[in-house]
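Here is a short tour for anyone who likes to have the model open while reading. Keep the viewer at hand and follow along.

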Amino acid sequence: MSLDSVLTRIDQNMPDAVERLFDLMRIKSISTDPAFDKDVEAAADWLVQELQSIGIAAEKRLTSGHPMVVGHVDGPADDVPHILFYGHYDVQPVDPLELWDRDPFDPALEDTAAGKVIRGRGSSDDKGQLMTFVEACRAWKAEHGALPCKITFLFEGEEESGSPSLVPFLQENAEELSCDIALICDTGLFQSKVPAITTMLRGLLAEDFTITGPSRDLHSGMYGGIAMNPIRILSKILAGLHDDTGAVTVPGFYDGVEELPEDIRAQWQGLNFDHASYLGDVGLKAPAGEQDRTPLEQIWARPTCDVNGVWGGYTGDGFKTVLPSQASAKLSFRLVGQQDPDKIRTAFRSYLESALPEGFTVEYRTEKGSSASQMSITDPAFEKARLALSDEWPDPAAYVGCGGSIPIAGFFKDMLNMDSMLIGFGCDDDQIHSPNEKYDMNSFHKGTRSWARILDALTR
Ligand SMILES: [Zn+2]
């Protein structure tokens, strides 16, 4: 089978592909606002039709929230992987509307100094990215009459509003949706340039607590000096969380943290991450993580502890010489490797409680933590996809980490026992979730070509 003919067809199809994307972008599928429920459903219907038009058995599947779109296409059995492709068709709200240079739901191609861009809500996140895969399939089907492998399509309509129906849907349809590997297109090029497969996502653990000392707020003229102030205790606890080298001091915190494999370390070095401008953009100079780690490691491969909020006492206008009864804080930990959120919670709590004076109590408001996701890149599919991406783009593709959490990849792993390749073509300046969202025409075009190359590589 010839890949070249598919790529040529993608090139020729581009004007029509852009028109089709515009059709989808005109649908105001804002999932968080019930006023747009009908529009969200219309976007699902549009996608069902679109998939059907290229011979894919697709349907809208109702949930207790917005519908899922599920499609299946058969391929040659046995020796080629069964792929699941995931994207989402809902978008973020558009306010503040006055900051848009054009109607967010009236998409257009614009010429900019950096090249042509597709402007409008959802262009990058995630309608444009989702359509790169659909367009690659369309061209493949047109050239070869059939797709090269079994593919299951899963399009979600609630990603921008917390995915409330996703977990139950995956549970109820686990057998139908379990494939050999998932392709998730909702990420970006590294520094807007280098094609990347995200293989490490940090987990998250949050802790929210109040410590109580005196049974009521006290006057510092009467009790100052003799009474222990909970804010003094809290400050000491928080200040002690990191040592002078930036390492977290909670005993056992680094259990389960793994060293980077040498080949990944080399790839990351090759990315020439410009941490000075990354920090400079937000008015900072020096990396604050563990000082014996590179800046990229600090963001992608090392765990963190951050104080997200702290309060207590009197914070209004003027002064009140109060010695408060309580002090509170919110903390979060980003987790990596095999770190166990439950063990870290326990370790943090004993660190905290051992610092409390006699008579002090602490109350926790608990949320469930999530562990990190790590893809097993020993699966040959990863290297095939990486080389295929490298063939399309000027820079060789890299395996990268992601400092945040992308829950869908964890759900696929935990519920469907399926690894995910997170591949996307967004740029840092796409302004997703903000006014004037755009997607580079280059991303749309080369992204579509990339999927054709990946399909070819995975099925050869
Ligand atoms: Zn998205």
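The report below visits a metal site, two sheets with their helices, and a few unusual backbone spots.

Please keep in mind that this is a predicted model.

**The zinc site**

Which residues hold the zinc ion? The ion is coordinated by His88 through NE2, by Asp125 through an OD atom, and by Asp186 through two OD entries, at 1.9 to 2.5 Å. Along the chain, these donors follow the spacing H-x36-D-x60-D. The two aspartates bring distant parts of the chain together: aspartate 125 sits in the loop between β5 and α3 (127-144), while aspartate 186 sits in the loop between β7 (181-184) and β8 (196-201), 61 residues apart. Why is the arrangement around the zinc ion called irregular? The four donor atoms subtend angles of 53 to 145°, so the arrangement comes out as irregular. For a tetrahedral label, all angles would have to lie between 85 and 135 degrees.

Aspartate 125 is worth a second look, as the peptide bond from aspartate 125 to aspartate 126 is cis, with omega near 0°. Aspartate 126 is placed in the loop between β5 and α3.

**The three-stranded sheet**

Strand β5 also belongs to an open sheet of three strands, ordered β4-β5-β18 with antiparallel pairing. β4 (108-112) and β18 (438-440) are the edge strands; each has a single partner, so one side of each is left without a neighbour in the sheet. From one strand to the next, the twist averages 35°. If you zoom in on β5 (residues 115-119), you will find three bridges joining that strand to β18. There, isoleucine 118 stands opposite tyrosine 439 of β18. Helix α14 (residues 441-458) lies across β4, β5 and β18, and runs at about 55° to β18.

**The four-stranded sheet**

Another open sheet has four strands in the order β11-β13-β9-β14, again with antiparallel pairing. Its edges are β11 (304-312) and β14 (361-366), each of which pairs on one side only. On average, and ignoring direction, neighbouring strands here are turned by 20° against each other. Eight bridges join β11 to β13 (residues 326-335), and cysteine 305 stands opposite phenylalanine 333 in β13. Helix α7 (residues 230-239) packs on this sheet, where α7 touches β9 (203-212), β11 and β13. Helix α11 (residues 341-354) lies across β9, β13 and β14.

The table gathers the helices that contact the two sheets, with their angles.

| Helix | Strands contacted | Angle |
|---|---|---|
| α14 (441-458) | β4, β5, β18 | about 55° to β18 |
| α7 (230-239) | β9, β11, β13 | about 15° to β13 |
| α11 (341-354) | β9, β13, β14 | about 25° to β9 |

**The N-terminal helix**

Now go to the start of the chain. Serine 2 caps the N-terminal end of helix α1, with a side-chain oxygen 3.4 Å from the backbone nitrogen of aspartate 4. Where does α1 (residues 3-25) bend? The helix bends by about 60° at methionine 14, and proline 15 follows within four residues.

**Other backbone spots to check**

Most residues other than glycine have a negative phi, and most peptide bonds are trans. Against that background, the bond from aspartate 95 to proline 96 is cis, with omega near 0°. Proline 96 lies in the loop between β3 (83-88) and β4. Glutamine 191 has a positive phi, near 50°, and its place is in the loop between β7 and β8. That loop also holds aspartate 186, one of the zinc ligands.

How values were computed:
Residues numbered from 1 in each chain as written. Predicted model: local features only at pLDDT ≥ 70, side-chain atom pairs only at ≥ 80, totals over all residues. Heavy atoms only, no water. Pairing = 2+ DSSP bridges. Axes fitted to C-alpha atoms, helices over the stretch in contact; angles between N-to-C directions. Contact = heavy atoms within 4.5 Å. Bend = angle between axes of the 7 residues up to and from the residue. Polar contact = N/O pair within 3.5 Å; in protein donor to acceptor, adjacent residues only side chain to side chain. Donors = N, O, S within 2.8 Å, 3.2 Å for Na, K, Ca; no water. Tetrahedral: all angles 85-135°; square planar, octahedral: opposite > 155°, others 65-115°.
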